Amino acid sequence: MFWYDHNLSGWGWFAMSASMILFWVLIITLGVLLFRALARAGNTETATGTREADPEKLLAERFARGEIDEDEYDRRLTVLRGRAGDRTWLSKG
């Protein structure tokens, strides 16, 4: 019913201490992983760390940098918004 000699040797204390440290490391690691998973769920960042770009915002940025002129901006914006009556297809050139 009772164990013989309840005293732990040096290895017993070491095993008990190491298992307690491993237990808390496991609990903290699981908490951090859960926090990161929940924080990532509401985030729209891609793997490269940049947010997914809205096509209209990209087009506006290109226009602001001077990569495209106003006519091309208007044509592409019309195509993006999908208004069939105002649609003029981009010509090469």
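**Figure 1. Negative surface patch around Asp69, Glu70, Asp71 and Asp74.** In this predicted model, a negative patch on the surface is made up of Asp69, Glu70, Asp71 and Asp74. One of its members, aspartate 74, belongs to helix 3, which spans residues 70-81. The relative accessible area of aspartate 74 is 37%, so this residue is classed as partly exposed. Membership of a patch requires over 30% relative accessible area and no salt bridge, and the 37% of aspartate 74 is therefore above that cut-off.

**Figure 2. Salt bridge between arginine 76 and glutamate 72 in helix 3.** The same helix that carries aspartate 74, helix 3 (residues 70-81), also holds arginine 76 and glutamate 72. These two residues are 4 positions apart, about one turn of the helix. Their side chains meet in a salt bridge, with an N to O distance of 2.7 Å. Arginine 76 has a relative accessible area of 27% and is therefore partly exposed. In general, side chains of opposite charge can pair when their charged atoms come close.

**Figure 3. Salt-bridge network of Arg62, Arg65 and Glu67.** Salt bridges link Arg62, Arg65 and Glu67 into a network. Glutamate 67 takes part in both of the pairings shown here. With arginine 62, the closest N and O atoms of glutamate 67 are 3.0 Å apart. With arginine 65, the corresponding N and O atoms lie 2.9 Å apart. Glutamate 67 is partly exposed, because its relative accessibility is 45%. Arginine 62, at 28% relative accessibility, is likewise partly exposed, whereas arginine 65 is exposed, with a relative accessible area of 53%. In total, the structure contains 4 salt bridges.

**Figure 4. Nonpolar surface patch including isoleucine 27.** Met20, Phe23, Trp24, Ile27, Ile28 and Val32 form a nonpolar patch on the surface. Together, these residues present about 590 Å² of accessible area. Isoleucine 27 lies in helix 1, which covers residues 10-41. This residue counts as partly exposed because its relative accessibility is 38%. The value of 38% for isoleucine 27 also lies above the cut-off of over 30% that applies to patch residues.

**Figure 5. The chain as the setting for the close-up views.** The predicted chain contains 3 helices and 0 strands, and its elements follow the pattern α-α-α along the sequence. Of the 93 residues, 6% are buried. The chain exposes about 8,600 Å², of which carbon and sulfur atoms supply 62%. Among contacts with a separation of 6 or more, 10% join residues 24 or more positions apart. Within this setting, helix 1 carries isoleucine 27 of the nonpolar patch, and helix 3 carries aspartate 74 of the negative patch.

How values were computed:
Residues are numbered from 1 along each chain as its sequence is written. This is a predicted model: local features need pLDDT of at least 70, side-chain atom pairs count only at pLDDT 80 or more; totals for chains, interfaces and linings use all residues. Side-chain values use heavy atoms; hydrogens and water are left out. Patches are made of residues with over 30% relative accessible area and no salt bridge: like charges are joined within 9 Å, nonpolar side chains (Val, Leu, Ile, Met, Phe, Trp, Tyr) within 5 Å. Accessible areas come from the Shrake-Rupley method with a 1.4 Å probe; for residues, only the protein chains shown count as cover. Lys and Arg count as positive and Asp and Glu as negative; His and the chain ends are not counted. The place of a charge is taken as NZ of Lys, CZ of Arg, CG of Asp or CD of Glu. Buried means under 20% relative accessible area, exposed over 50%, partly exposed in between (1.4 Å probe, protein chains only). Contact means heavy atoms within 4.5 Å.
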